[in-house]
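Colleague: I am new to this structure and would like to take a close look at a single part of it before I turn to the rest. Could you walk me through one helix and what surrounds it, in one connected account?

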Amino acid sequence: MNLLDFDHGKPIYLQIIDYIKKQIITDKLKIGEKVPSQRELAQQLKVNPNTVQRAYREMEGMGLTETIRGQGTFIVERRELLRELQQEMANALLVSFIIEMQSLGYDDQEILGLVEKYQKDLKEEMK
């Protein structure tokens with residue numbers, strides 16, 4: 001697992017949850033796969049083990065992971081999980097993007113125009 005660049009404006013345990021979600025979405029962690037132990041992840045990320053414990057507890061409460069006594073913590077085996085995580089993270093990014101663009105003075109049509117322009121430009125660059 002890659003190390004995180006922590007955002008000081010957001011609790012670390014929430015950033016760890018987002019990190020795990022992104023690992024699932026990008027197929028670095030697979031549905032049903034065991035996640036690192038709390039101690040191991042705390043050492044990798046250089047954070048307090050209690051912070052990782054809180055993240056794991058929250059993920060279990062969210063139905064993202066399940067802990068099997070004596071075996072460890074695993075990503076739950078639900079087919080729709082990947083799609084749900086993709087949609088959740090996309091929604092969060094879009095809300096943040098739209099709010100920031102509006103704070104810069106752009107209206108909805110201008111935002112859509114800019115997105116279409118940059119999307120077209122990216123396609124051209126990739127050719």
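Modeller: What follows starts with one helix, goes on to the elements around it, and ends with the pairing of two later helices. Please keep in mind throughout that this is a predicted model.

The helix to begin with is H1, which runs over residues 12–25 and so counts 14 residues by the DSSP assignment. From its first C-alpha to its last H1 reaches 20 Å, close to the 20 Å expected at 1.5 Å a residue. Which residues of H1 are buried? They are Tyr13, Gln15, Ile16, Ile17, Tyr19, Ile20, Lys21, Gln23 and Ile24. As background, an α-helix has 3.6 residues a turn, so residues three or four places apart point the same way. The cover over the buried residues of H1 includes helix H2 (38–45), helix H3 (49–61), strand S2 (72–75) and helix H4 (81–103), and several of these elements return below.

Just after H1 comes Asp27, whose phi is positive. The value is about 65 degrees, although Asp27 is not a glycine. Asp27 sits in the loop between H1 and H2, and with a relative accessible area of 46% it is partly exposed, because that value falls between the 20% and 50% limits used for the classes. A second residue of this kind is found further along: Lys46, in the loop between H2 and H3, has a positive phi of about 60 degrees and is likewise not a glycine. Lys46 has a relative accessible area of 69% and is therefore exposed, the limit for that class being over 50%.

Among the elements covering H1 is H2, and Leu45 belongs to that helix. At 7% relative accessibility Leu45 counts as buried. Leu45 and Leu4 are 41 residues apart in sequence, yet their C-alpha atoms are 6.7 Å apart in space.

Strand S2 also takes part in covering H1, and Thr73 lies in this strand. Is Thr73 buried or exposed? Its relative accessibility is 9%, so Thr73 counts as buried. The side chains of Thr73 and Thr67 are joined by a polar contact of 3.1 Å. Leaving aside residues up to four places away in sequence, Thr73 touches Glu33, Lys34, Val35, Tyr56, Thr65, Glu66 and Thr67.

One of these partners, Thr65, has its place in strand S1, which covers residues 65–68. Thr65 is buried as well, because its relative accessible area is 3%. A polar atom of the Thr65 side chain lies 3.3 Å from the backbone nitrogen of Glu60. With residues up to four places away in sequence again left out, Thr65 touches Tyr56, Met59, Glu60, Thr73, Phe74, Ile75 and Val76. Tyr56 thus appears in the contacts of Thr65 and also in those of Thr73.

The remaining element named in the cover of H1 that deserves a closer look is H4, which leads on to its pairing with helix H5 (residues 108–126). Two packed helices are described by the angle between their axes and the distance between the axes. The axes of H4 and H5 come within 10 Å and cross at roughly 115 degrees, and the crossing is right-handed. On the H4 side Phe97, Ile98, Met101 and Gln102 meet Asp108, Ile111, Leu114 and Val115 of H5. By class, this contact has six nonpolar, one polar and one charged residues.

H5 itself has 19 residues, which should span 27 Å at 1.5 Å a residue, and its end C-alpha atoms are 27 Å apart, which agrees. At the start of H5 a side-chain oxygen of Asp107 reaches to within 3.1 Å of the backbone nitrogen of Gln109. Leu112, also placed in H5, is partly exposed at a relative accessible area of 47%, and its C-alpha atom is separated by 9.9 Å from that of Ile98, a residue 14 places away along the chain.

To return at the end to where the account began, Ile99 is found in H4 and, at 48% relative accessibility, counts as partly exposed. The C-alpha atoms of Ile99 and Asp27, the residue met just after H1, are separated by 29 Å, with their positions 72 residues apart along the chain.

Note on methods
Residues are numbered from 1 along each chain as its sequence is written. This is a predicted model: local features need pLDDT of at least 70, side-chain atom pairs count only at pLDDT 80 or more; totals for chains, interfaces and linings use all residues. Side-chain values use heavy atoms; hydrogens and water are left out. Helices (H or I, at least four residues) and strands (E, at least two) are DSSP runs, numbered from the N terminus. The expected span of a helix is 1.5 Å times one less than its number of residues. Buried means under 20% relative accessible area, exposed over 50%, partly exposed in between (1.4 Å probe, protein chains only). Contact means heavy atoms within 4.5 Å. Axes are lines fitted to C-alpha atoms, for helices over the stretch in contact, and angles run from 0 to 180 degrees between N-to-C directions. A crossing is left-handed if the near helix is turned anticlockwise from the far one by less than a right angle, and right-handed if clockwise. Ala, Val, Leu, Ile, Met, Phe, Trp, Tyr, Cys and Pro count as nonpolar, Asp, Glu, Lys and Arg as charged, and the others, Gly among them, as polar. A polar contact is a pair of N or O atoms within 3.5 Å; within protein, one must be able to donate a hydrogen and the other to accept it, and residues adjacent in sequence count only if both atoms are side-chain atoms.
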